[in-house]
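User: I have a chain to look at before I set anything up. Can you walk me through the fold with me?

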Amino acid sequence: MATTHLPLLEKPLIVYNLNFLSNIDQFLNSSQKYLISCYFEEKQDNSLLELNPAEVTKNSIFFVETSCNHKNGINLSLRQGCAIESAASLNPNLNIFVLFVAPSFITNESLVVNRLQMFSNVNLRYINFVKYSHNTPLQDFVTSNTISTSQWPVSHTSDLLRFLTLWKFGGTYLDLDVVLMKSLMGLTNFASIESSTSVASLVLNFDVDEIGRTVSNTSINDFASNYCANDWGYNGPGVITRTLQKVCETNLVTDMNKQKCKGFTVFGTEAFCPISWTDWKMYFNTDTSDEVMVKLKDSIGIHVWNLHSKHTAINIGSKQPYGLVAEKYCPIIFSMAKSVF
């Protein structure tokens, strides 16, 4: 595949000072500092390769891992691996980038990562939180220490990085609890609603054409201008919802059709959120399995609401819908589970 470097929009060079990083205790909110302390640690010689913009190809797919759970080597869960495998196997001609803010490394114990390396289009890369924002609309936000005020710094960093990454390169962002069931080839400039009042930020595609750049620019500037540290969803689904309300000139997400949105597609809930967050347990319920699987038959992928569901088991051999989808669309990673996925 030919490599296409998609350059940043031209920005004036802004010189900034990294001296604030010299005192991490002062920089970070004391109650949350341990959650994101790894963002400011030195990269080790054996760390992942740092992302090189020149290696990003057109319409790449991006995942972002913003936890600091990688002190002793990268440790992806089976469910995270499932999301990555489904994207890689269904989109063999697209590059998949899994971006880590923790300066970590791969070990023999990184079982899921080692299994994913059989996919030639999967690329694990490190990004330096501060440097990655340089000469972008989020540079001042990052260097002003604002993320330290968050009640959910790991989640809000993920929100920041999805909009920043798509602003830099274009392409598709996917949450690490989205299992694809169809290829994304040929799909550009899209999002999906998750409820009657909100557009989801769990899957986003911004092309580098005029409408893609309009949505991308509006989104990233909304994040920078309207960031809210004490509202979990305001900086993710809130950003893309407000953006599309402006672009599509309607406050009703159910009114956001391709014509109103100037060529940008806003899928209905059936595309990625056939089961709403209020009904997330249906993905784990064998009693309603047949009903749920019918609901999923036309979906592009499913989002399993990890915030709520992460501690709920999938028993191997059961008819739990999430397990049935995983067994079909990420069979390699699913086969690693012994009794529980």
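What follows is a short exchange about the overall fold, one strand and one helix.

User: What is this model, and how many helices and strands does the chain have?
Analyst: The model is a predicted one, and the secondary structure of the chain comes to 14 helices and nine strands. The radius of gyration is 19 Å, close to the 20 Å that the globule rule gives for 341 residues, so the chain is as compact as a globular protein of that length.

User: ok, and what share of the residues is buried?
Analyst: Buried residues account for 55% of the 341 in the chain. As for the accessible surface, it comes to about 14,900 Å², with 50% of that belonging to carbon and sulfur atoms.

User: Switching to strand S1, how many of its residues are buried?
Analyst: Five of the five residues of S1, which spans residues 61–65, are buried, so the strand is largely enclosed by the rest of the structure. Ile61, Phe63 and Glu65 point one way from S1, while Phe62 and Val64 point the other way.

User: And which strand is S1 joined to?
Analyst: S1 runs parallel to strand S2 (residues 96–100), and five bridges join the two; within this pairing, Phe62 stands opposite Phe97 of S2.

User: Now helix H13, which of its residues are buried, and what do they pack against?
Analyst: In H13 (residues 321–329) the buried residues are Pro321, Tyr322, Gly323, Val325, Ala326 and Tyr329. These pack against helices H3 (78–90), H11 (289–295) and H14 (331–334), and also against strands S5 (178–180) and S9 (301–303).

User: Last one, how far apart are the mean positions of the positive and negative charges?
Analyst: They are 2 Å apart, taken over the 25 positive and 29 negative charges of the chain.

Definitions and conventions. Residues numbered from 1 in each chain as written. Predicted model: local features only at pLDDT ≥ 70, side-chain atom pairs only at ≥ 80, totals over all residues. Heavy atoms only, no water. Helix = DSSP H or I, 4+ residues; strand = E, 2+ residues; numbered from the N terminus. Rg over C-alpha atoms; globule rule 2.2 N^0.38 Å. Buried < 20%, exposed > 50% of the residue type's maximum accessible area, 1.4 Å probe, protein only. Areas by Shrake-Rupley, 256 points an atom, 1.4 Å probe, with all protein chains shown as cover. Lys, Arg positive; Asp, Glu negative; His and termini not counted. Charge placed at Lys NZ, Arg CZ, Asp CG, Glu CD. Contact = heavy atoms within 4.5 Å. Pairing = 2+ DSSP bridges.
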